[in-house]
Amino acid sequence: MNKKAERAEHEKSASDYYKLNVRAVEDLVNADASNSPPVSEAELRKYRSGFRLKMPDRLKAVLLKAWFAGVICYFFMWGLSTLAIGQIEMLIILGTAHGVVTDLIANHLFRLYARPAGSNDRFMMFPRKSFASFPLNILYSLLLVFCVAETYNTVNTLAVGYNGKMLLGVEPILFGVFTTAWDFLFLSMKRFLLRIAAEAKQKVSDEGNKYSPKG
């Protein structure tokens, strides 16, 4: 093969290589959910950067919720302990602070790190972000704080009746544990009621299809 033929062959190979890469770039730029093959979450996790702590999503949610509740107890319950604040007022302060933190920070983190999207909705009483979610989360947090206060009162009343001494004092770790426990209890009740409603709706739909006239 002479030099002219070799040069022509080289130019042809380079041209084909260039066309191949241009096509690959165009495919990458135009890729979206409709024309891309499905990729498992386990495969995607291999290419994500940053520190990855391998633990169940439920455990992560428990730790996150308990930590935020404990921080609120530390800064508001302990931080305002030197002021003459009544018990009802303190419960309102704690509940409001917890609701604000839940709506603006905790739930935002749940949505941000959900893989796939929406998988962390089960850990939020009001998963859909809207203007209404802010006051609703505050009202819900007021309920949680009230339940936590009643838990302390019940345990200490039983302890005083048994040995004449209070058993529990309010501190961040146990406050976070109680708040998270009540939160997950109410979330379980919500899922249970939604499942009953969905089954009832499906049953009504099946009955309607059963007796509907067939064409």
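Tutor: An axis here is a line fitted to C-alpha atoms, for a helix over the stretch in contact, and the angle between two axes runs from 0 to 180 degrees between N-to-C directions. With that settled, we may turn to this model, which is a predicted one.

Student: What is the secondary structure of the protein chain?

Tutor: The protein chain has 6 helices and 0 strands. Read from the N terminus, the order of its elements is α-α-α-α-α-α. Of the 215 residues in the protein chain, 24% are buried.

Student: How should one read the packing of two helices, and at what angle do the axes of α4 and α5 cross?

Tutor: Two packed helices are described by the angle between their axes and by the distance between those axes. In this model, helix α4 covers residues 87-112 and helix α5 covers residues 133-163. Their axes come within 7 Å and cross at roughly 130°. Angles over 145 degrees count as roughly antiparallel and those from 65 to 115 as roughly perpendicular, so α4 is oblique to α5. The crossing in which α4 passes α5 is right-handed.

Student: Which classes of residue make up the contact of α4 with α5?

Tutor: The contact of α4 with α5 has 11 nonpolar residues, 11 polar residues and 1 charged residue.

Student: What is found in the loop between α4 and α5?

Tutor: Pro116 lies in that loop. The peptide bond leading from Arg115 to Pro116 is cis, with omega near 0°.

Student: How many aromatic pairs does a search of the whole structure find?

Tutor: The search finds 9 aromatic pairs. One of them joins Phe110 and Phe123, with 5.9 Å centre to centre and 40° between the planes, and is tilted. Phe110 belongs to helix α4 and Phe123 to the loop between α4 and α5, so this pair ties together parts that are 13 residues apart in sequence.

Student: Are Phe110 and Phe123 buried or exposed?

Tutor: The cut-off for buried is under 20% relative accessible area. Phe110, at 5% relative accessibility, therefore counts as buried, and Phe123, at 1%, counts as buried too.

Student: What geometry do the rings of Phe126 and Tyr140 show?

Tutor: Their centres are 6.3 Å apart and their planes stand at 90°, so the pair is edge-to-face. This pair links distant parts of the chain, with Phe126 in the loop between α4 and α5 and Tyr140 in helix α5, 14 residues apart. Phe126 is partly exposed, because its relative accessible area is 24%, whereas Tyr140 is buried at 10%. Phe126 and Tyr140 also belong, with Trp182 and Phe186, to one aromatic cluster.

Student: How many disulfides does the structure hold, and are Cys73 and Cys147 buried or exposed?

Tutor: A disulfide is a pair of cysteine sulfur atoms within 2.5 Å, and the structure holds 0 of them. Cys73 has 0% relative accessibility and so counts as buried. Cys147 has 10% relative accessibility and likewise counts as buried.

Student: Where is Asp57 placed, and what separates its C-alpha atom from that of Asn120?

Tutor: Asp57 is in helix α3, which covers residues 57-78. At 34% relative accessibility, Asp57 counts as partly exposed. Along the chain, Asp57 and Asn120 are 63 residues apart, while their C-alpha atoms are separated by 8.0 Å.

Conventions
Residues numbered from 1 in each chain as written. Predicted model: local features only at pLDDT ≥ 70, side-chain atom pairs only at ≥ 80, totals over all residues. Heavy atoms only, no water. Helix = DSSP H or I, 4+ residues; strand = E, 2+ residues; numbered from the N terminus. Parallel < 35°, antiparallel > 145°, perpendicular 65-115°, else oblique. Left-handed = near helix turned anticlockwise from the far one by under 90°. Nonpolar A, V, L, I, M, F, W, Y, C, P; charged D, E, K, R; others polar. Buried < 20%, exposed > 50% of the residue type's maximum accessible area, 1.4 Å probe, protein only. Phe/Tyr/Trp six-rings, centres within 6.5 Å; stacked < 30°, edge-to-face > 60°.
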